[in-house]
Amino acid sequence: MFHHQLQNYHTMKKIRITLLIALGLITSHVYSQQKHHTMTNQEVVEKFLSGFNDPSKIQASLALLADDYQFTNPMVQLQSKAEFVALAQEMGQILTGVHLIRSAEDGDWVATFYEFKSSIPGLESNMATEWFRLKDGIIQESHLVYDASEWRKVYEQMEQ
């Protein structure tokens, strides 16, 4: 009888150890899955740009910008998210979409190559590259480069 109880004790101990190991593995797997869902810098930039294709997503895009976000393009240098939002509202009236062609990530920097489209005759299709610097998943600054020769006229009209 004692031998039978001792055998049951060892069996229960093995089951407990097996359950603890299984619980540890499951917990580790769940934790790694949660960590996996954190967006990479490249995914943050892609989400930011996708907001310019769908007005219902633009607020989610703007939420990815730091308050002191610095934006530079061939014609303007902005020093805050508020300044960029004001520009984006004006540009939203003429921009019709952004088609991301390529992006690459290197540390805190993401480089993109995309086509942005507008409703302005002669400027329907524009090729651009934009470099983004991020910190902790938030866009700190970006430098947009494109042929602005015809766009200068558009900006002049917006300022009037």
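Start by selecting helix α4 in this predicted model, since the lining of the largest cavity takes its largest share, four residues, from α4. With the helix still highlighted, display the largest cavity itself, which encloses about 280 Å³ of space. Its lining consists of 18 residues, and those closest to the centre are F52, F71, L95, Y114 and L144. Colouring the lining by class shows 15 nonpolar residues, two polar and one charged. To see which parts of the fold surround this space, select α2 (41-50), α4, β3 (95-106), β4 (109-118) and β6 (138-146), the elements that each give two or more residues to the lining of the largest cavity. How many cavities of 30 Å³ or more are there? The count comes to one.

Return now to α4 alone, which covers residues 81-91, and show the side chains of K81, F84, L87, A88 and M91, the buried residues of this helix. Turn the view until you look down the axis of α4: the buried residues fall within an arc of 120°, and they therefore line one face of the helix. On the other side of α4, select A82 and Q89, both of which are exposed.

Next, keep A88 selected and bring up the largest pocket, because A88 is also a useful landmark there. The largest pocket has a volume of about 290 Å³, and among its 15 lining residues F52, P55, I58, A88 and G92 lie nearest its centre. The elements to highlight around the largest pocket are α3 (58-62), α4 and β3, each of which gives two or more residues to its lining. By class, the lining of the largest pocket has seven nonpolar, seven polar and one charged residues. F52 deserves a second look, as this residue is among those closest to the centre of the largest cavity and among those nearest the centre of the largest pocket.

From the pocket, move to the sheet and select the strands together. Six strands form an open sheet in the order β2-β1-β6-β5-β4-β3, with mixed pairing. At the edges are β2 and β3, each of which pairs on one side only.

Begin at the β2 edge by selecting β1 (residues 65-72) and β2 (residues 77-78). Two bridges join these strands, which run antiparallel, and a hairpin connects β1 to β2 through four residues. Then add β6, which runs parallel to β1 and is joined to that strand by four bridges. Which residue in β6 is the bridge partner of F71? It is S142, while in β2 the residue that stands opposite F71 is L78. F71 is also one of the residues closest to the centre of the largest cavity.

Cross to the other edge of the sheet and select β3 with β4, which pair in the antiparallel sense over ten bridges. Within this pair, centre the view on S103, whose bridge partner in β4 is T112.

Finally, zoom out to the whole chain, which has five helices and six strands. Followed along the sequence, these elements give the pattern α-α-α-β-β-α-β-β-β-β-α. If you colour by burial, buried residues make up 31% of the 160 residues in the chain. For a last view, display contacts between residues at least 6 apart in sequence: 47% of these join residues at least 24 apart.

Methods: Residues numbered from 1 in each chain as written. Predicted model: local features only at pLDDT ≥ 70, side-chain atom pairs only at ≥ 80, totals over all residues. Heavy atoms only, no water. Buried < 20%, exposed > 50% of the residue type's maximum accessible area, 1.4 Å probe, protein only. Arc of directions from axis to C-beta. 1 Å grid on protein atoms, 1.4 Å probe; cavity = no way out; pocket = protein on both sides within 12 Å on 5 of 7 lines; lining within 4 Å. Points joined across faces, edges and corners; volume = space filled by probe spheres on them. Nonpolar A, V, L, I, M, F, W, Y, C, P; charged D, E, K, R; others polar. Pairing = 2+ DSSP bridges. Contact = heavy atoms within 4.5 Å.
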